[in-house]
Amino acid sequence: MAESYKIATFASHTALQILKGARDEGFGTVLLCPENRKKFYSSFSLADKTIETESIGELDKIAGQLNKENAIIIPHGSFVAYGSLQKLIETEMLYFGNRKILPWESDRQKEREWLKKAGIMVPRLYDAPEKIDSPVIVKFFGAEGGKGYFLTKNQKDFEQKIKSSKGKAYQLQEYIVGVPIYIHYFHSPLSGETEIMSCDRRWETNVDAIGRIAAKDQIDLSLESSYTVVGNAPLVIRESLLPELLEIGERVVETSKKLVDKKGLFGPFCLEGVLTPKMEFYVFEVSARIVAGTNVYINGTPYTWLKYNKPVSTGRRIAMEIKQAIKENRIEEVLG
Amino acid sequence: MAESYKIATFASHTALQILKGARDEGFGTVLLCPENRKKFYSSFSLADKTIETESIGELDKIAGQLNKENAIIIPHGSFVAYGSLQKLIETEMLYFGNRKILPWESDRQKEREWLKKAGIMVPRLYDAPEKIDSPVIVKFFGAEGGKGYFLTKNQKDFEQKIKSSKGKAYQLQEYIVGVPIYIHYFHSPLSGETEIMSCDRRWETNVDAIGRIAAKDQIDLSLESSYTVVGNAPLVIRESLLPELLEIGERVVETSKKLVDKKGLFGPFCLEGVLTPKMEFYVFEVSARIVAGTNVYINGTPYTWLKYNKPVSTGRRIAMEIKQAIKENRIEEVLG
Amino acid sequence: MAESYKIATFASHTALQILKGARDEGFGTVLLCPENRKKFYSSFSLADKTIETESIGELDKIAGQLNKENAIIIPHGSFVAYGSLQKLIETEMLYFGNRKILPWESDRQKEREWLKKAGIMVPRLYDAPEKIDSPVIVKFFGAEGGKGYFLTKNQKDFEQKIKSSKGKAYQLQEYIVGVPIYIHYFHSPLSGETEIMSCDRRWETNVDAIGRIAAKDQIDLSLESSYTVVGNAPLVIRESLLPELLEIGERVVETSKKLVDKKGLFGPFCLEGVLTPKMEFYVFEVSARIVAGTNVYINGTPYTWLKYNKPVSTGRRIAMEIKQAIKENRIEEVLG
C-alpha cells in the first residue's frame with residue numbers, strides 16, 4: 001500500500017523529521033541533497049535514496065525523476081525561501097499541500113488580507129516611513145529567518161537603518177510588545193479536522209541575547225537589535241487558551257477555501273504571533289507548510305502524545321495523512 | 001479494582017494530562033466541561049463521560065452526580081482561582097488531596113507563615129506603601145496567573161500604578177533579582193516519600209518580552225512591565241542542587257502536618273521561587289495542587305523517566321497513587 | 001559480557017543519567033556518594049553499590065576498590081571543578097576518555113590554542129586591563145559554573161569589580177553579543193565518527209533574569225550582571241547549520257590528536273559559544289567530557305531519536321560505546 005509511493009524532501013529545515021516520519025509509517029524515502037551536506041544526512045541513515053541537488057531552485061530539473069519514483073514531495077521553509085515561487089507552482093510533481101495558497105503566504109499584503117478576513121487581529125501597517133508614530137519592525141519579504149529585520153521609531157531613524165538593505169522590498173509593521181509564540185497546526189483534508197500540534201518559541205540573535213546585558217551597559221555599547229533566527233525551544237501555552245487558538249486556526253483554514261479553491265490550506269501550517277498582557281493574540285505571519293519549530297518535537301509533542309499515544313512529530317503526521325489517503329484511495333485530496 | 005472508582009476534573013489548566021494519566025492507569029474518566037470547550041476536549045477522546053459545567057463554581061451542584069459515579073475529583077489551578085474556596089471545602093465529594101491546606105495556600109499571610117516555619121527563605125514584606133525602600137512587586141490575591149502584578153520602587157510610583165486595580169487585596173513583596181524557577185513535587189501519603197517530579201520556567205507577558213527590546217528603545221517607549229502568565233517551558237536544575245531542593249520540599253510537607261492535621265499536604269505541589277547569584281532559593285509561593293508547568297512533561301519528566309522508566313506525568317503520578325490506595329484498601333488516605 | 005565491567009561515577013552533575021544509561025545497557029553500577037546526598041540518589045534505585053565519598057578529591061583513595069570491582073569511571077564536570085587535576089591524571093584507574101586532554105581543557109590559554117588550531121573563531125583576548133577597549137567578560141579559571149564572572153567596559157570599571165575576587169586567576173575575553181549555545185557532541189573511538197547529540201541553552205543568574213526588568217528600572221536599581229549557572233533548557237538549532245557545526249566538532253577532535261596522542265579527544269564533549277547575527281559561531285570554551293546540559297535529554301535527544309530510534313541520553317551513549325568495546329575486545333581504546 002504505502003509501498004507504491006515514496007516520500008521526498010530537500011536536505012534542510014525539517015528534512016530529518018520528514019524522513020523519519022515517512023519511514024515510521026512505512027514509506028520509502030528520497031533525499032535531495034547538496035554534496036556538502038551528504039555526510040551529515042547520511043549519518044542518520046533515513047534516506048533510501050539520495051539525489052545530489054545543489055539547490056532547491058533545481059527542483060524542476062529533478063521533478064521528472066521524482067515522478068518516475070512516484071515520490072511525493074514534502075515542502076518546507078527552504079522551498080519558498082530559496083526556490084522560485086513561480087517554478088514551484090508550475091513544476092509537474094506530486095506535491096503535498098495546496099500550491100495555490102503559496103502566493104497568499106509569500107506576499108505580505110495578501111497574507112494580511114487573509115488573516116483579516118479570518119477575523120484575526122493583526123498589527124497595524126504603515127504605508128510610508130513618514131507616517132511612523134509608534135515602534136515599528138521593518139520586515140523584508142521572503143522567509144529567510146528574520147535576517148535583516150530591524151526595530152525603528154521614526155522616519156529619521158528608519159532612513160539611517162534602511163541604508164544597508166537598499167532595494168529590498170519591506171513592510172513597516174507595528175511592533176507589538178508581548179511574548180512571541182509560534183503555534184503549529186495540522187489540517188486534515190481527509191477528516192476535515194484541524195489539530196493543534198504544538199507551540200514553540202524562536203530564539204533570535206541578537207534580540208534574545210541583549211536582555212542578558214544590563215541596561216546601562218547596553219546603552220554605553222549603543223547596541224542595536226537584530227532578528228536572525230538561530231533555533232527553537234519548546235513552550236506549552238496555558239490550556240485555557242487552546243480552545244480559542246484552535247478556533248483561530250480553523251478560521252484560517254476556512255477563509256483559505258474562499259481565497260483559492262475549495263481545497264484551501266491543508267497539511268501543517270503555523271500562526272506566528274504575539275500574546276500581549278491583555279491576552280490578545282496578534283498574528284503577524286502564516287506559514288502554509290511545516291515550520292522549523294516542530295524540530296523541537298521529533299519524538300512527539302505534548303498534544304500528539306495525548307491524542308495518538310505514540311511519538312508523532314509533524315513530519316510523521318504528514319506521512320500518516322498520506323498513508324490514509326492511499327488506503328482510502330483519495331491521494332488526490334492531499335496533493336495540490 | 002481501579003474499575004470501582006472514576007477520575008474527574010474540570011476542563012482547563014491540566015485537565016488533559018490528568019485524564020490521560022487516569023486512563024493510562026486504567027481508570028474511567030469524567031470531564032466537567034463548558035459548552036464552548038467541548039469540541040477541543042473531545043478531539044482528544046480522553047473523557048469517557050462529559051458533564052456540561054459552565055464554571056468550576058458550579059462544582060457543588062454536580063457533586064452528587066460525581067459521588068454516584070464514585071468519581072474522585074482531581075483539583076487544579078482553576079479550582080481555587082475561579083471557584084469559591086468555601087464551597088470547595090464544604091462540598092461533599094471524593095477530593096484528591098487535603099482540603100484543609102487550601103486556606104493556608106490561598107491566603108498570602110498564612111502561606112508566608114507556613115514557609116517561614118519550614119525554615120525557607122522568603123522575600124521581605126512591606127506592610128504599607130510608604131515603607132517601600134527597595135524594588136517591590138505588587139501581587140494580588142488569588143491565582144489568576146500573575147495578571148495585574150506590577151513592579152514599583154517607591155510610594156509615589158505605587159500610588160500611580162495601583163489606580164487601575166482599585167479595591168483588590170494585594171501584597172507588597174520585595175522583588176528578588178534572580179532566575180524564577182518552579183519546582184514540582186509529589187508527596188505520597190502511602191509511602192511517606194516526597195519526590196521532585198520536574199521544574200519549569202514560566203513565560204510571562206510582557207516581562208519575558210521586553211528584554212528583546214534594546215534598553216535605549218525601551219526607555220524611549222516608556223515601557224512598563226506586566227506579569228500575565230502565557231505558558232511554560234522545560235528547565236532542568238543543576239543536579240547538585242536537587243538534594244537540597246528535595247529537603248526543602250520535605251520540610252514544607254512536615255510543617256503542613258503541624259498546621260492542619262496529621263495528613264498535612266500530600267499529592268502534587270509546587271514551590272515557586274527565585275535562584276539568586278549566591279545560589280539562595282527564595283520561595284514566594286506554594287501551590288498545594290498540580291501546577292500548569294507540568295504540562296511541559298506530558299510524556300514523562302527527566303526524573304520520572306529515571307525513577308519509573310515509563311512516561312509518568314504528574315497527572316499519571318496522581319492516578320498511580322489512587323490506584324495503589326485502592327489496591328491497599330487505603331483510599332481514605334488520599335482523600336481529604 | 002557487560003557483566004565483567006561495572007560503571008562508576010560521582011553523585012553530582014550528570015550522575016543520574018550516567019547510572020541510568022549504564023543500567024539500560026546491562027552494566028552493574030557503582031555510585032561514589034557524599035553522606036548527605038545518599039537519600040536523594042537512593043530514591044532512584046539506580047546504583048547497585050554506593051561507596052561513601054565526601055568529595056571527588058578523594059578519588060585516589062577509592063581507586064583501588066574500584067579497580068577490584070573492574071569499575072570504569074565516567075568523569076563529569078565535578079571531577080575537574082572540585083578535584084585535583086594532577087591527582088585525576090595520575091591515579092591508576094579505568095577512566096573513560098583520554099586524560100591527556102585534560103590539561104588542554106582546563107587551561108584557558110591552551111584551550112584557546114587548541115580551538116585556533118582547529119580553525120574555529122574565538123573571542124579576542126586582552127592581556128592587560130589597560131588594553132580593554134570593548135565589552136569584556138572576566139572569567140575565572142576552573143569550571144564552577146560561571147560563578148563570579150562579570151562584564152566590564154574599561155580599566156577603571158574592571159579595577160573596581162575585581163576587588164572581590166582578589167588573587168584568583170582570570171582571563172579578559174571579548175564579550176560577543178549573540179545567543180549563547182552549547183553543542184553536545186560524541187566522538188566514537190571505535191567507529192571514528194563524531195555525532196551531534198543535542199544542544200542546550202544555559203540559564204544563568206542573574207543575567208537571564210535582568211531582562212525581565214524594564215530598562216528604566218534596571219538603571220534606577222543600579223543592577224550589575226552575574227553569570228552563575230542555575231540550569232539548562234532544550235534548544236534545537238536550525239537544521240541548515242548542523243552540517244557545519246558537525247564539521248567544527250570533527251576539527252576539534254582531529255586537532256586534539258596532534259596535541260596529545262593519536263587517541264586524542266573521544267567520548268562526549270561540548271563546544272560552548274555564541275551565534276551572532278551574521279551567523280558566525282564564536283567558541284569560548286571546550287568541555288572534554290559530558291556536560292550538565294545533557295540532563296535535559298535524559299529520555300533521548302532529537303538527534304538520538306532519529307539515529308537510534310530508542311531513548312539514548314549522552315549517559316547511555318557512553319555505556320553503548322563501552323559495551324561495544326568490550327564485545328569487540330577493544331576496551332583499551334575507550335580508556336585513557
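**Chatting through a three-chain interface**

Trainee: I'm starting at the strands. In β13(C), what is the bridge partner of Asn232(A)?

Mentor: In β13(C), Asn232(A) has Val236(C) as its bridge partner. Before we go on, this is a predicted model, where local features need pLDDT of at least 70, side-chain atom pairs count only at pLDDT 80 or more, and totals for chains, interfaces and linings use all residues. Residues are numbered from 1 along each chain as its sequence is written, chains are lettered from A and ligands numbered from 1 in the order in which they are written, and side-chain values use heavy atoms, with hydrogens and water left out.

Trainee: Thanks. How many bridges join β12 of chain A to β13(C)?

Mentor: Two bridges join strand β12 (residues 227-234) of chain A to β13(C), and the strands run antiparallel. Two strands pair if DSSP finds at least two bridges between them. The strands (E, at least two residues) and helices (H or I, at least four) are DSSP runs, numbered from the N terminus.

Trainee: And on the chain B side, what does β13 of chain A join?

Mentor: Strand β13 (residues 236-237) of chain A is joined to β12(B) by two bridges, again antiparallel. There, Ile237(A) stands opposite Gly231(B).

Trainee: Changing topic: what rotation puts chain B on chain A?

Mentor: A rotation of 120° with 0.0 Å of shift along its axis superposes chain B on chain A, with RMSD 0.0 Å. That is the relation of a three-fold axis. In chain B, the C-alpha nearest the axis belongs to Gly211(B), 2.5 Å from it. The fit is by least squares on the C-alpha atoms of residues with pLDDT of at least 70 in both copies.

Trainee: What about chain C, which residue comes closest to the rotation axis?

Mentor: Gly211(C) does, with its C-alpha at 2.4 Å. Chain C also superposes on chain A by a rotation of 120° with 0.0 Å of shift along the axis, RMSD 0.0 Å.

Trainee: Do the copies meet through the same or different surfaces?

Mentor: Different ones: only 19% of the interface residues of chain B are also interface residues in chain A, so the copies meet through different surfaces.

Trainee: OK, how many residues does the contact between chains B and A take?

Mentor: It takes 48 residues from chain B and 44 residues from chain A, where contact means heavy atoms within 4.5 Å. The area buried between chain B and chain A is about 3900 Å², with carbon and sulfur atoms giving 63%. Phe40(B), Arg212(B) and Val230(B) supply 20% of the area that chain B buries against chain A, more than any other three residues. Buried area here is the accessible area (1.4 Å probe) that two parts lose on being put together, summed over both.

Trainee: Arg212(B) caught my eye. Which residue of chain A forms a salt bridge with it, 3.0 Å apart?

Mentor: That is Glu204(A), with 3.0 Å between the closest N and O atoms. A salt bridge is a side-chain nitrogen of Lys or Arg within 4 Å of a carboxyl oxygen of Asp or Glu. Arg212(B) also meets Asp208(A) in a salt bridge, at 2.9 Å from N to O. Asp208(A) lies in helix α9 (residues 207-210) of chain A and Arg212(B) in the loop between α9 and α10 of chain B, so the pair joins two chains.

Trainee: How many salt bridges are there between chain B and chain A?

Mentor: Five across that interface, and the count over all chains comes to 84.

Trainee: Now the other interface. How much area do chains C and A bury?

Mentor: About 4000 Å² between them, 63% of it on carbon and sulfur atoms. In chain C, Arg238(C), Glu239(C) and Leu306(C) lose the most area to chain A, together 19% of what that side buries. The contact joins 44 residues of chain C to 48 residues of chain A.

Trainee: And which salt bridge involves Lys39(A)?

Mentor: The side chain of Lys39(A) meets that of Glu250(C), 2.8 Å from N to O. Between chain C and chain A the count is five salt bridges.
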